[in-house]
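Subject: Structure for you to look at

Hello,

Here is the structure I said I would pass on. My notes on what was found in it come after.

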Amino acid sequence: MSDSTPNDGGGREFERVAGELRSRMNDGSIYPKGSFLPPQRELAEEFGVSRDTVQKVLRELRSEGWIETRQGSGSRVVKGQQVHSPTSSGMVTLRPLIDHAFGQSEVTLDVFTLTSESLDAHIRMQAERIRAKEIAPQSIALRMMLPSESLQLPYWRTGQPAQDKRLKARFLSITERYAESLRTALSDLQTTGLVPSVDLQIRRSRLIPYSKLYLLNGTEAVVGPYKVYTRSIEMEDRKVIKGALDVEGLGAGLTHHVKDAELHSQGTVFVTGMQQWFDSVWEYLTD
């Protein structure tokens with residue numbers, strides 16, 4: 001396919017392809033951790049974009065730590081997600097839990113996370129289900145807590161001030177980009193009349209999340225610690241910062257808890273306690 005493909009819509013197409021590939025890797029059912037992405041030509045043909053757009057997407061995914069690329073070997077997925085559930089006999093991915101939550105008439109999500117990268121991928125996946133009329137929620141309410149921009153995080157640093165300043169700026173840029181992507185995805189659902197009521201609130205906390213937390217419809221909780229590791233990070237100018245401390249919230253062992261009819265059951269106590277904690281912290285924060 002020619003790099004001048006007329007269907008290529010620039011930034012919007014870039015976000016569309018990047019978002020879909022993140023979703024496929026995030027879910028793990030199509031591109032699980034350790035698998036390889038299709039060749040650039042196949043990706044360009046599948047998405048109807050230019051190879052230049054695909055190359056830009058792959059650079060972005062590599063910078064975010066989703067893939068690693070070696071010449072002659074292709075792009076291998078190095079970040080994936082699986083959930084260990086004490087309420088089930090096997091392992092499941094996060095997507096079925098999100099699918100189930102969005103299958104309800106009224107959807108509520110409370111999230112505490114470092115960035116909304118994974119959440120954005122899941123929300124866009126649910127938006128496609130809504131457009132395809134697979135589900136029809138009447139309201140979506142999302143509250144998300146992110147760490148304050150003024151916090152000195154223990155991640156995205158090398159110990160060298162100049163590099164650490166660049167890494168933090170990169171983190172803040174990524175955080176804002178995904179937050180804006182969430183706003184756009186949810187706003188589009190409301191303005192097109194697909195979901196009558198949509199409410200997105202984002203507040204900044206002086207707490208640093210060492211685990212990500214998803215509270216789904218007040219009845220389920222998904223919790224997982226961030227896994228710390230060191231890697232090279234490619235910056236926007238293509239310069240590489242080596243030895244940067246990064247974190248991974250995917251594949252780090254997420255735990256699923258379900259609230260049931262038993263008042264004192266382990267699942268009920270856990271979900272209720274986490275919901276009360278989130279609500280109390282939320283009330284002290286400002287928009």
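Buried residues make up 48% of the 287 residues in the chain. Please keep in mind that this is a predicted model. The accessible surface comes to about 14,000 Å², and carbon and sulfur atoms account for 50% of that area.

The chain has 7 helices and 12 strands. Among contacts with a separation of 6 or more, 71% are between residues 24 or more positions apart.

Nonpolar cores

In soluble globular proteins, nonpolar side chains tend to be buried together. The largest nonpolar core here has 29 residues, and the members that touch the most others are Phe102, Leu119, Ile140, Tyr214 and Leu216. At least two residues of this core come from each of the following: helix 4 (94-102), helix 5 (117-131), helix 6 (161-191), strand 5 (106-112), strand 6 (139-147), strand 7 (197-205) and strand 8 (211-216). Another core, of 18 residues, lies apart from it, with Tyr31, Val49, Val54 and Val57 among its members.

Tyr214 is worth selecting in the viewer. Leaving out residues up to four places away in sequence, Tyr214 touches Leu94, Ile98, Asp110, Val111, Ser118, Leu119, Glu220, Ala221 and Val222.

Salt bridges

Side chains of opposite charge can pair when their charged atoms come close. The count of salt bridges in the model is 22. Three pairs and one network are described here.

Arg231 pairs with Asp246, with 2.6 Å between the closest N and O atoms. Arg231 is in strand 10 (residues 227-234) and Asp246 is in strand 11 (residues 240-248), so this salt bridge ties together parts that are 15 residues apart in sequence. Are these two residues buried or exposed? Both Arg231 and Asp246 are buried.

Arg76 and Glu68 also form a salt bridge, and their closest N and O atoms are 2.6 Å apart. Arg76 has a relative accessibility of 30%, so it counts as partly exposed. Glu68, at 28%, is likewise partly exposed.

In the pair formed by Arg183 and Glu176, the closest N and O atoms are 3.4 Å apart. The relative accessible area of Arg183 is 34%, which makes it partly exposed. Glu176 is partly exposed as well, at 35% relative accessibility.

The network of salt bridges links Arg22, Glu60, Glu64 and Arg177.

Backbone

Most residues other than glycine have a negative phi, and most peptide bonds are trans. Two residues to look at in this respect are Lys133 and Arg238.

Lys133 is not a glycine, yet it has a positive phi of about 60°. Where is Lys133 found? Lys133 sits in the loop between helix 5 and strand 6. Its relative accessibility is 69%, and because exposed means over 50%, Lys133 counts as exposed.

Arg238 is not a glycine either, and its phi is positive at about 75°. The loop that holds Arg238 runs between strand 10 and strand 11, and these are the strands that contain Arg231 and Asp246. With a relative accessible area of 54%, Arg238 is exposed, whereas Arg231 and Asp246 are buried.

Regards

Terms used: Residues are numbered from 1 along each chain as its sequence is written. This is a predicted model: local features need pLDDT of at least 70, side-chain atom pairs count only at pLDDT 80 or more; totals for chains, interfaces and linings use all residues. Side-chain values use heavy atoms; hydrogens and water are left out. A nonpolar core is a set of buried Ala, Val, Leu, Ile, Met, Phe, Trp, Tyr and Cys residues joined through side-chain atoms within 4.5 Å. Buried means under 20% relative accessible area, exposed over 50%, partly exposed in between (1.4 Å probe, protein chains only). Helices (H or I, at least four residues) and strands (E, at least two) are DSSP runs, numbered from the N terminus. Contact means heavy atoms within 4.5 Å. Accessible areas come from the Shrake-Rupley method with a 1.4 Å probe; for residues, only the protein chains shown count as cover. A salt bridge is a side-chain nitrogen of Lys or Arg within 4 Å of a carboxyl oxygen of Asp or Glu.
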